[in-house]
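Let's take a friendly walk through one corner of this model. Keep the structure open as you read, and follow along residue by residue.

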Amino acid sequence: MAPGEPSPEPSPEPDALPNRALPQGVLGWLELSSPRRLALFLGVCAGAAALTWAVPEDPALGEAARRALFMLLVAAGLWITEAIPAFAVGIGVIALQVLLLGDPRDPDGAWERQVLVLGHPLIWLFFGGLVLAAGMSRTGVDRWLALHALARFATRPRALVAAVAGIAFVLSMIMSNTATTAMMLALIAPLIADRDRSDRFAATLVLAVPLGANLGGMGSLVGTPPNAIAVGVLAEQTGTFISFARWFTLGLPPALLLAAALIGLLLLRLRGLPPMNALAVTAAGARQARAAHWEVLVVAVTLITTLGLWLTQDLHGLPTPVVAVVPVVLLTATGILDVDAFRRLSYDVLFLLAGGLALGQAIHDTGLAAWIVGPLTGTALPDALFVFLAGSVAVLLSNVMSNTAAANVLVPLVLSASVSAGTPAAITVALCASAAMALPVATPPNALAHATGRLAARDFLLIGTVSGVLTPLIATAWIRWMLS
């Protein structure tokens, strides 16, 4: 199959609406009616207000910090309970900042500073990544790359499982991990269609997809929102700027090491399986529509140019958010992404990211972060232990709530808790947030894989537990060594 043959419809982006399509929290699987969701929403807000009011008077907790505490409790409560969609919480955070931290009646326009986060450079960076991924999906470049690689391992079950995880890993570095998962599950569907529901190869092959997609996001700055949150908060609060290429050196090695360990664990389940029929591998792409060759060429050139500019920032000096404009201009001006395709982009992810950046800035600027971590600053924890504990908490929280939400809450707090270990802790939190995969609802890729009916909840437990134990250890050691 040559480039330009497959032209699938744009991959669905169910992670963009995790609260409606792919729940990510403990309560996400509950079938809550609209009235119950409204009651839950009001209950969370009332509980946050009561907790805020119950905090004793403290000179270190000023009026602005107390209002920021209310915002933090409301956001965390809504993210955990999923009373409303996660992106709506991000919008609500920005609205609360306008009302509580910037008087909208101020003739000087102080409230306008609270909405400038919507134009944050990282929003543009992520927007460029969304457009690039949509162009790949529109022309079938992503599917062609995956099928071309899978065909090389079609007859060897263990090699095929490793290839599926590896391809999901690579693709999720430059496109949504949920879109990657949806596409990969469609590709492997013909391989498992005639197998029994209890077949261990089918279950292992399906499990390889979310494993690779979850970990792949760790390696790239646009791979997953927690990475962008950590970089944004570090730049705002400490003046530490991390380029696209620099993040590769920080996130990719631990991600590769974890992927190798967990794929090895998966392969232990497949000892003794006989060779397979190679014909089924290409069946998924056989019925796809054709894209024009010039469209494929434009997308390929755009992909190579964008990634090349991102990776060579130190040579040309163009910031990564500026480079992100390249795919936006080229793919829309050429018509590869028409109006309908442009409307289908996951703008809700951008609002979730903006709300998280705004919340982190408010927690820091009002002094709330310093007040929360005040009791911890007197405890002389070794830096390595502090970073490890921060990563462990990120894994635990991300298993029961959105990893983006967990990063939103934890990154500004760990930065305030330690001067010497704040930066490595923030990066470790971002990496560990992507390693939470012990539950079917822990991440959208897990939920998609579980929805195939090939996996039980216990299938995620072993992989998720090993990942939850190894990731804080590996990330702590690597990040501290890289930043030393």
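A residue counts as buried when its relative accessible area is under 20%. Keep in mind that this is a predicted model. With a relative accessible area of 1%, Ser 220 is therefore buried. You will find Ser 220 in the loop that runs between α8 (200-216) and α9. Its side chain reaches the backbone nitrogen of Val 222 at 3.2 Å. Leaving aside residues up to four places away in sequence, Ser 220 touches Met 173, Asn 227, Phe 244 and Trp 247.

One of those partners, Asn 227, is a good next stop. Asn 227 belongs to helix α9, which covers residues 225-238. Is Asn 227 buried or exposed? Its relative accessibility is 0%, so Asn 227 counts as buried. The side chain of Asn 227 reaches back to the backbone oxygen of Gly 217, at 2.8 Å. Again without residues up to four places away in sequence, the contacts of Asn 227 are Gly 217, Met 218, Ser 220, Leu 221, Trp 247 and Ala 430.

Gly 217 leads us on to a cavity, as Gly 217 is among the residues that line the second largest one. There are four cavities of 30 Å³ or more, and the second largest holds about 40 Å³ of space. Besides Gly 217, its lining includes Asn 177, Asn 214, Thr 224, Asn 403, Ala 433, Ser 434 and Thr 443. What classes of residue make up this lining? Seven are polar, one is nonpolar and none is charged.

Methods
Residues numbered from 1 in each chain as written. Predicted model: local features only at pLDDT ≥ 70, side-chain atom pairs only at ≥ 80, totals over all residues. Heavy atoms only, no water. Helix = DSSP H or I, 4+ residues; strand = E, 2+ residues; numbered from the N terminus. Buried < 20%, exposed > 50% of the residue type's maximum accessible area, 1.4 Å probe, protein only. Polar contact = N/O pair within 3.5 Å; in protein donor to acceptor, adjacent residues only side chain to side chain. Contact = heavy atoms within 4.5 Å. 1 Å grid on protein atoms, 1.4 Å probe; cavity = no way out; pocket = protein on both sides within 12 Å on 5 of 7 lines; lining within 4 Å. Points joined across faces, edges and corners; volume = space filled by probe spheres on them. Nonpolar A, V, L, I, M, F, W, Y, C, P; charged D, E, K, R; others polar.
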